[in-house]
Amino acid sequence: MARTSRFPGFYKMTVEERRALVSEATGADTRDIENALEGGGLDAETADKFVENVLGTYALPYGVALNVRVNGKDRVVPMVVEEPSVVAAASNAAKMVRASGGFQATADEPLMTSQIQLTGVVDADRARAAILAAEREIVDLANRAIPGLAVRGGGARSIEVRTLGTPADAMIVVHVVVDCRDAMGANLSNTVAEAVADRLAELADAKVGLRILTNLCDKRRVRVTCRVRAEELATEDMDGNLVIDGVVNASRFAELDPYRAATHNKGIMNGIDAVVIATGNDWRAVEAGAHAYAARGGQYAPLATWKREGAALVGTLELPLALGTVGGTLRVHPGARLSLHMLGATGARDLAMAAAAIGLASNLAAVRALATDGIQRGHMALHARSVAVAAGATGDKVARVAQMIVEARDITLEAARQALENLAQREGDGAVAADD
Ligand code: MEV
């Protein structure tokens, strides 16, 4: 089968059928999918090697976003998330985007920044000049601490010197820029920071302070854009052009108001975090970087914005994204390895572009819903399915019970139990009637 992410009716299939289809489309072996995911992607014994005081593991739903095309290539994108409707919403929005050619994305070189703080600075100007004059020496010293990275084509590249504080409490902060290739880069950056700190303090005639990477990795940004035609955006009751107006209005609201921007960005991170978690990456680092970047202008702002271009809606998302496809967790986490394989990620930048596309898709789905029916209709329909399952519904009864409680506008466990009982009774009566 040609690599595709378009599987009509996927949501109606059984888990086994879905696994078989994804296996065929992505080349991930069904047995590998089963082995990796049956136990939640990780067994307790392996987990014990990750962190301390392990008692077991804690599973979350693992789904896939469909219809995703990034730079002309189809992707089945794994998403780990507990919130109903996030996977469906991203897939629906990706389908609208796909109809106009898919997402276009670019990613910067994988540059991370180590920070070395120098305190007790007597003459900041002299210190700064001395450090800048020794740039080559510092870069070489850094590279000697991470020899494996140079072999992979990465390594320390340059330094920057910043002076912070007042003359009374001046501090110098030196940044060492490190090309981390396909690693997320936290360990590499921290190793570099510790390796060069003493020499920097000597050059500056100062004391060593903190030595750690910054999660505001703004030299490692990813950008994704998409264009959606009005007719793709139309709902049952709303013309596509009106939907464009609504989405542009939602975008403007987020640009003007940090309260709204926070929620707007939460919708973006719904998609990005789910991919970050599925691929074994550090979502706290990604979150920290994203929100710091959103606040870079002094007012917290939306990471994605939407504009009208004729009869089309055009969205743009930009954020720093430090993701890895090698090292650390990825070596030992079967679920994360499976995700990278399924996604067909060729490296860290490729993964970042796919994750950002899911972020923009999630944002589009959210603002379109908010500008049209509101968010609760879709949410409630999905929530009703979970309630039906909790009430004991199985097979086709899940959808039927869900529909009954949605129509009754009573999405409670009690109502679902009652609906299930009514169904059983009806079917029982039917059986009697048939026997007659
Ligand atoms: C819910 O998880 C995310 C939304 O609140 C995002 C938004 O408001 O844009 C729907």
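This report describes the domains, helix H12 and the ligand surroundings of a predicted model.

Residues are numbered from 1 along each chain as its sequence is written, and side-chain values use heavy atoms, without hydrogens and water. Local features need pLDDT of at least 70 and side-chain atom pairs count only at pLDDT 80 or more, whereas totals for chains, interfaces and linings use all residues.

The domain assignment, whose bounds come from an automatic or database source, gives domain 1 (10-103 + 226-373), domain 2 (111-213) and domain 3 (378-435). The centres of domain 2 and domain 3, taken over C-alpha atoms, are separated by 62 Å.

Helix H12 (a DSSP run of H or I, at least four residues) comprises the twelve residues 283-294, and its end C-alpha atoms lie 16 Å apart, in agreement with the 16 Å expected at 1.5 Å a residue. Buried positions (under 20% relative accessible area, 1.4 Å probe, protein chains only) in H12 are Ala285, Val286, Gly289, Ala290, Tyr293 and Ala294. These buried residues line one face of H12, because they fall within an arc of 160 degrees seen down its axis. They pack (heavy atoms within 4.5 Å) against strand S8 (221-229), helix H11 (258-278) and strand S10 (312-320). At the N-terminal end of H12, Asp282 acts as a cap, with a side-chain oxygen 3.1 Å from the backbone nitrogen of Arg284.

Residues around the ligand (a heavy atom within 4 Å) include Thr263, His264, Gly267, Asn270, Ala366, Leu370 and Ile375. Polar contacts (pairs of N or O atoms within 3.5 Å) to ligand oxygen atoms are tabulated below.

| Side chain | Distance to a ligand oxygen atom |
|---|---|
| Glu83 | 2.6 Å |
| Arg260 | 2.7 Å |
| Lys266 | 2.7 Å |

Definitions and conventions
Helix = DSSP H or I, 4+ residues; strand = E, 2+ residues; numbered from the N terminus. Expected span 1.5 Å × (residues − 1). Buried < 20%, exposed > 50% of the residue type's maximum accessible area, 1.4 Å probe, protein only. Arc of directions from axis to C-beta. Polar contact = N/O pair within 3.5 Å; in protein donor to acceptor, adjacent residues only side chain to side chain.
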